[in-house]
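Here is a short round of questions on helix packing and sheet layout. Look at the model first.

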Amino acid sequence: MTLHLHLAEATASLPQPLTPAQVATLATVPELVTITPTAGGRWRLAGRQRVGTVRLGHKDGAIELSIQPKLPVRRLFGLLGDYDDVWQHRQITASTDDLLVPALATVFARAAERALRGGVLHGYVYREDALAVIRGRIRTSAQLSRRMGLPTVIEVAYDDYLADIPENQILLGAIELAQTLPGVADTTIALLRHLAGRLVGVVSARPGALPTWRPTRLNERYVPALRLAELILAGASLQQEGAQAIQIDGFILNMAQIFERFLTRQLTTGLLPYGLRCVAQQGHRLDQQRRVLIQPDILIYRDGRPTAVVDAKYRTLDGAPPTGHLFQLISYCTALGLAEGHLVYASGTPSAEPYRIKKSDIRVYVHGLDLSQGPTDLAIAVAALVDRLAAGPEGPRQRVDPIPL
């Protein structure tokens, strides 16, 4: 029998009994949950900074683990991207609003339905083949080397107009995967099966091996569904520390990565009118021998050179920042020759005064963005952060708004 465990993100549960096989199953996913023995042979479980639902183990150790985010699902979608229209148009029901995986599957199914409403997208795909008739152009060198010039079959190359293109491959891969996710409503599964039936002749993409695509005028109606499809396919693998990502039976989101990407998007958009550019996860060397790689979350560039570094921390700040966080940011500033670093926490009320580092010009500013607040208040907090970053060590910089056409 499968054990169903329901945990909250970064929160410990009450002690509960577990069999040795179940403990062994949970021990294989330390990135998702911590297990601590307590009195009476019981175990205390605590979710980490990942949310979602996953099936683990088999037989006596079979577990379906669900970790709910602290944020309401609607707020979480706001961090993932601009999906507020999903709720404004009531495209998911109230019963699924508080369940991450069913809500995501429903949102994706509706987005895929809208994408395919205008017909299945086709595109030209380069092909090389051996045919009995001429199609495209004759591959003369291949014809002479492989067929000895005999007119049995003809080596040709041509562009075929097919539905088997990257956009449809990614869409179908996510459609097939979403049908298997735990807790997905029967009506959503039925819609997904109907959509899969429309993608005839398409080879579905698999997690970890997605084909490349880029937004164009032709695939514009596919873009919202493709963004969600990539999210679903990426959530089907679990990146273990120091190891290669492994496939999982379910869907998992890394909340720390989501917060970092949300902050990157907001700062990139907000700082652009000030003539500032944001670069995420850019690699630099810490030491003179170039042996130690560092990758700051966000580097802010002004006139082609970095002027400040931002480090996103998905946690609540209670008092002063941990020493390790300060050391990390100071090392970034030292290696890059910067006088200003910023720690941005997902919640908390930090001190307004910067930390002035002894025997250096480095100042570390600490900020808190309360993700639990409404979209309007969060936008105001982000705007205040943008204004502070735009000031920089060289003083305020004039905002330049684009001229309306």
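Angles under 35 degrees count as roughly parallel, over 145 as roughly antiparallel, 65 to 115 as roughly perpendicular and the rest as oblique. The model is predicted.

Q: Which word describes how helix 6 and helix 8 lie to each other?
A: Helix 6 (residues 166-179) and helix 8 (residues 223-234) pack at about 55°, with their axes 9 Å apart. That angle falls in none of the ranges for parallel, antiparallel or perpendicular, so the word is oblique.

Q: How do the residues of the contact of helix 6 with helix 8 divide into nonpolar, polar and charged?
A: On the helix 6 side, the residues include I170, L171 and G173. Helix 8 brings A225, L226 and E230, among others. The division is nine nonpolar, one polar and two charged.

Q: Which strands stand at the edges of the four-strand open sheet?
A: The order is 1-6-5-12, with mixed pairing. An edge strand has a single partner, so one side of it is left without a neighbour in the sheet. The edges are strand 1 and strand 12.

Q: Which residue stands opposite G250?
A: G250 lies in strand 12 (residues 249-254). Strand 12 runs antiparallel to strand 5 (residues 50-56), joined by six bridges. The residue opposite G250 is V54.

Q: Is G250 buried or exposed?
A: G250 touches T53, V54, L181, P182, G235 and A236, leaving aside residues up to four places away in sequence. Its relative accessibility is 2%. The cut-off is under 20%, so G250 counts as buried.

Technical notes. Residues numbered from 1 in each chain as written. Predicted model: local features only at pLDDT ≥ 70, side-chain atom pairs only at ≥ 80, totals over all residues. Heavy atoms only, no water. Helix = DSSP H or I, 4+ residues; strand = E, 2+ residues; numbered from the N terminus. Buried < 20%, exposed > 50% of the residue type's maximum accessible area, 1.4 Å probe, protein only. Contact = heavy atoms within 4.5 Å. Axes fitted to C-alpha atoms, helices over the stretch in contact; angles between N-to-C directions. Nonpolar A, V, L, I, M, F, W, Y, C, P; charged D, E, K, R; others polar. Pairing = 2+ DSSP bridges.
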